[in-house]
Amino acid sequence: MKLSANNILRFIIAVLVFTIFSCKKENAPVSGQKTEAKKVMSAEHPNLILTAQGVKDIRAQLGNIPIFDNTLKAVQEEIDAEIASGIEVPIPKDYSGGYTHDRHKRNFIVLQKAGVLYQILDDEKYAKYIKDMLMQYEKMYKTLPLHPKTRSYARGKLFWQCLNDSNWLVYVSQAYDCIYNYLSKEERTKLETNLFRPFADHISVDSPQFYQRVHNHSTWGNAAVGMIGLVMNDQELIDRALYGIKGVNLDKTAKDDDGGFLNKDGKAGFLANIEEPFSPDGYYNEGPYYQRYAMYPFLIFAEGLHNVKPDVKIFEYKKGVLLKSINALLNLSDADGDFFPLNDGQKGMSFYNSALVTAVDISYHYGNQDPGLLSIAEKQNRVLLDDSGLAVALGIKNGKAKPFDKKSINLTDGPEGKQGGVAILRKDDIELVFKYAAQGSSHGHYDKLSYSLHEKGNEVLQDYGLARFVNIEQKGGGNYLKENKTWAKQSIAHNTLTQNETSHFQGKYDIGSQYHSELHYFDKKDSEVQVVSAKEANAYPGTEMHRTMAIIKDKNFEKPFLLDIMKVTSDKENQYDFPFYFMGQVIKVNFEYKSPVPSILGKENGYQHLYVEGIGKPTSESSTLSWLGNGNFYTLTTVTDTSDELLFTRLGANDPEFNLRRDAGFMIRRKNTKNTTFASIIESHGNYSPVTESALNSNSSIKALKVVYDTDEYTAIAITNVNDHTKLFITANKNASTEAKHTLIINGRNFEWSGSYLLTENK
């Protein structure tokens with residue numbers, strides 16, 4: 001009869017009056033007994049993510065921590081069903097979304113969860129299941145060639161790309177740690193020699209173009225090699241993870257599948273991947289979608305280093321930026337927790353993703369125990385089944401949770417915070433996301449000074465995001481579609497200025513990666529008037545774009561409104577296209593237009609994907625467009641000239657495979673113009689109920705919008721509502737310091753103020 005771990009433990013306590021946690025009797029040394037160094041190391045398992053002390057603490061609390069207990073129950077039911085269905089380790093052959101891809105992906109998730117269950121529940125069936133599956137992988141991997149799909153710049157073996165192989169090893173390392181002591185020395189040697197070591201070598205020394213760089217891909221690779229190195233106590237692998245591969249110099253001009261340089265600056269390793277992409281504020285240069293994806297390997301490997309190699313002081317590295325980045329990432333989500341789709345970002349990705357469960361729990365446990373994180377964990381309704389998850393569960397149980405307060409914030413970009421940034425202005429239910437950042441690695445878009453607008457978690461004016469159907473095999477194998485380059489990355493796909501139908505930096509990464517926009521000022525001191533202003537001087541040589549955006553709450557308006565001022569100065573005449581990608585059904589306009597047979601707007605740079613559905617001309621000093629979206633009415637009021645063209649566009653031209661959404665847009669086209677200013681207001685007002693069939697406050701509150709002063713030094717906008725109350729907004733285009741004093745005469749009236757801007761009554 002085989003003794004359980006509990007019976008062994010009781011026996012040791014009774015006979016030796018000594019407690020050492022162990023998963024297997026052979027590795028529990030008697031007090032005073034000499035052991036080899038390797039066995040001492042073995043006795044400490046699990047020690048990577050779930051720790052031996054953590055197991056004791058969890059077992060002591062089971063049944064008294066509701067969110068942890070419920071998570072444990074759900075995971076147990078899930079894994080028991082997997083065990084009952086048997087083990088499948090198919091020969092790899094598919095892209096993302098295909099059977100073999102999804103099966104191996106499912107396997108590594110199941111293995112990790114089964115390891116945790118073995119430790120917490122002390123049920124040997126989970127350890128046996130892991131062992132049996134790993135032995136099948138060991139048998140297969142010894143003779144496994146490269147994956148048959150050749151699309152990737154770095155092919156894996158289990159998966160079509162090394163990135164997914166790295167995913168596998170990050171998760172499986174945790175499972176191996178949990179059953180380390182369950183396995184015999186011979187079994188461990190077999191797995192490490194034939195599976196784990198060769199696996200780590202393939203994604204690193206055999207694939208330096210994948211591993212030896214600064215990118216979310218290599219972050220996964222570094223974490224995978226490092227985590228299996230920690231479990232195996234292999235210092236060479238740990239060093240390779242932290243510092244990269246010694247003596248490897250890649251072609252500095254080589255690029256990956258997305259057009260980004262593989263290793264232009266020669267930097268590599270986990271520490272470099274913390275140092276370079278993160279700004280001091282915790283903003284990740286690829287944007288929130290990929291920050292979410294990269295946070296799992298960043299934090300899970302960091303936790304392993306903290307537990308096994310505390311001397312590295314990983315959570316203190318770069319002034320604690322890893323933990324700081326979680327706050328930044330959560331602030332890059334809307335009212336529903338969906339991340340703003342900056343750069344390549346899939347809409348709908350949110351803090352309910354499992355990677356954010358990891359991020360929230362680890363940040364709470366190893367950070368300053370921010371009670372706001374507990375409220376996010378409550379919404380996620382699950383925790384990690386480890387030490388950090390226990391800390392969160394106890395915090396919630398003890399009533400420590402407080403709402404996570406999302407405020408207006410300016411997040412700098414660049415390793416030193418000197419490469420532009422992303423500003424978020426929030427007031428009541430309105431959220432403005434303004435991007436004046438650097439290129440954003442190979443996942444960046446050509447969208448300088450672009451923005452999106454949100455209300456109550458719904459898009460009002462959208463950022464398209466990426467052109468990809470992630471893990472849907474029928475759509476390009478679940479990978480990036482060609483339309484991501486021909487549309488989603490192009491400038492015309494964003495709410496920003498396009499000059500002469502050419503994207504910023506000619507749509508070339510080599511050029512765009514050299515530059516970033518510059519912050520002019522950010523001011524949130526007055527909660528009723530919050531302003532951000534930035535300049536871009538390199539997107540089009542000889543042209544400067546200067547955009548100032550303000551969220552203003554005024555007693556004469558139902559809700560806060562957005563004021564947008566785009567000032568353009570150039571050394572030659574150009575054609576300027578200024579789109580608004582509104583979300584909803586057109587209700588009313590104040591200009592005449594025709595709806596001809598749809599024609600295609602242009603031939604390249606994204607224009608080839610736009611149909612023209614309507615062509616109009618302004619009939620007054622300001623043109624208006626009202627629409628209904630998500631039950632609310634919205635009105636765009638924009639200053640126009642009689643020579644402007646007003647275009648209604650629809651996405652979908654030259655898209656025979658229907659890879660693009662059929663989204664609507666409205667565009668101001670201004671031709672043969674050198675210097676100009678676009679001034680607009682987007683206003684949310686009223687609502688419509690299909691239940692009561694009632695429309696409330698469906699008309700705009702704005703009577704007139706005028707540019708009343710516009711020089712190199714200052715721009716002034718007059719906003720008049722339907723009750724003839726006029727507000728004047730003046731922004732300093734040159735000296736915007738908080739100490740600067742300004743004096744200006746407009747239409748015979750004298751204005752004096754200190755600071756970057758002035759909002760005042762214009763009587």
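**Exercise 1. Backbone outliers**

Task: In this predicted model, find where Gln369 lies, and decide whether Gln369 is buried, partly exposed or exposed.

Solution. Start with the accessibility: Gln369 has a relative accessible area of 38%. Partly exposed is the class between 20% and 50%, so Gln369 counts as partly exposed. Next, place the residue: Gln369 sits in the loop between α15 (354-366) and α16 (371-380). Finally, look at the backbone, where Gln369 has a positive phi of about 55° although it is not a glycine.

Now try Lys319: what is its phi, and in which element does it lie? Lys319 also has a positive phi, about 55°, without being a glycine. Its place is in helix α14. With a relative accessible area of 77%, Lys319 is exposed.

One further backbone feature is worth a look: which peptide bond is cis, the one that joins His45 and which residue? The partner is Pro46, and omega is about 0°. Pro46 belongs to the loop between α2 (37-43) and α3 (52-61).

**Exercise 2. Two kinked helices**

Task: Check the length of helix α14 (residues 317-331) against the expected span, then locate its kink.

Solution. Step one is the expected span: with 15 residues at 1.5 Å a residue, α14 should span 21 Å. Step two is the model itself, in which the end C-alpha atoms are 22 Å apart, so the two values agree. Step three is the bend: α14 has a kink of about 45°, centred on Lys324. Step four is the surroundings. Because 11 of its 15 residues are buried, α14 is largely enclosed by the rest of the structure. Among the buried residues are Val321, Leu322, Leu323 and Ile326.

Task: Repeat the steps for helix α13 (residues 288-308).

Solution. The 21 residues of α13, at 1.5 Å each, should span 30 Å. The end C-alpha atoms lie 29 Å apart, which agrees. Where is the kink in α13? A bend of about 35° lies at Ala294, shortly before the proline Pro297. As for cover, 19 of the 21 residues of α13 are buried.

**Exercise 3. Salt bridges within a helix**

Task: Explain how Lys128 and Asp132 are placed relative to each other in helix α6 (residues 124-141), and give the contact between them.

Solution. Begin with the general rule: an α-helix has 3.6 residues a turn, so residues three or four places apart point the same way. Lys128 and Asp132 are four residues apart in α6, so they are separated by about one helical turn. The two form a salt bridge, with the closest N and O atoms 2.8 Å apart. Both ends are partly exposed: Lys128 at 46% relative accessibility and Asp132 at 29%.

Helix α6 also holds Tyr137, which is buried, with a relative accessible area of 1%.

Task: Work through Arg240 and Glu236 in the same manner.

Solution. Both residues lie in helix α11 (residues 235-243), four residues apart, about one turn of the helix. Their salt bridge brings the closest N and O atoms to 2.9 Å. Buried or exposed? Arg240 is buried, at 6% relative accessible area, whereas Glu236 is partly exposed, at 39%.

**Exercise 4. A bridge between distant parts**

Task: Which parts of the chain are linked by the salt bridge of Lys727 and Asp554?

Solution. First the contact: the side chains of Lys727 and Asp554 meet at 2.5 Å, N to O. Then the positions: Lys727 is in strand β24 (residues 726-732), and Asp554 is in the loop between β9 (543-552) and β10 (561-570). The pair is 173 residues apart and links distant parts of the chain. For burial the cut-off is under 20%; Lys727, at 19%, is buried, and Asp554, at 7%, is buried. Elsewhere, shared partners join Glu78, Glu82, Glu88, Arg103, Arg106 and Lys113 into one salt-bridge network. The whole structure contains 39 salt bridges.

**Exercise 5. Helix packing**

Task: Describe how helix α10 (residues 216-232) packs with α11.

Solution. The angle between them is about 155°, and their axes are 8 Å apart. Angles over 145 degrees count as roughly antiparallel, so α10 is roughly antiparallel to α11. Last comes the handedness: this crossing is left-handed.

Note on methods: Residues numbered from 1 in each chain as written. Predicted model: local features only at pLDDT ≥ 70, side-chain atom pairs only at ≥ 80, totals over all residues. Heavy atoms only, no water. Expected span 1.5 Å × (residues − 1). Bend = angle between axes of the 7 residues up to and from the residue. Buried < 20%, exposed > 50% of the residue type's maximum accessible area, 1.4 Å probe, protein only. Salt bridge = Lys/Arg side-chain N within 4 Å of Asp/Glu carboxyl O. Axes fitted to C-alpha atoms, helices over the stretch in contact; angles between N-to-C directions. Parallel < 35°, antiparallel > 145°, perpendicular 65-115°, else oblique. Left-handed = near helix turned anticlockwise from the far one by under 90°.
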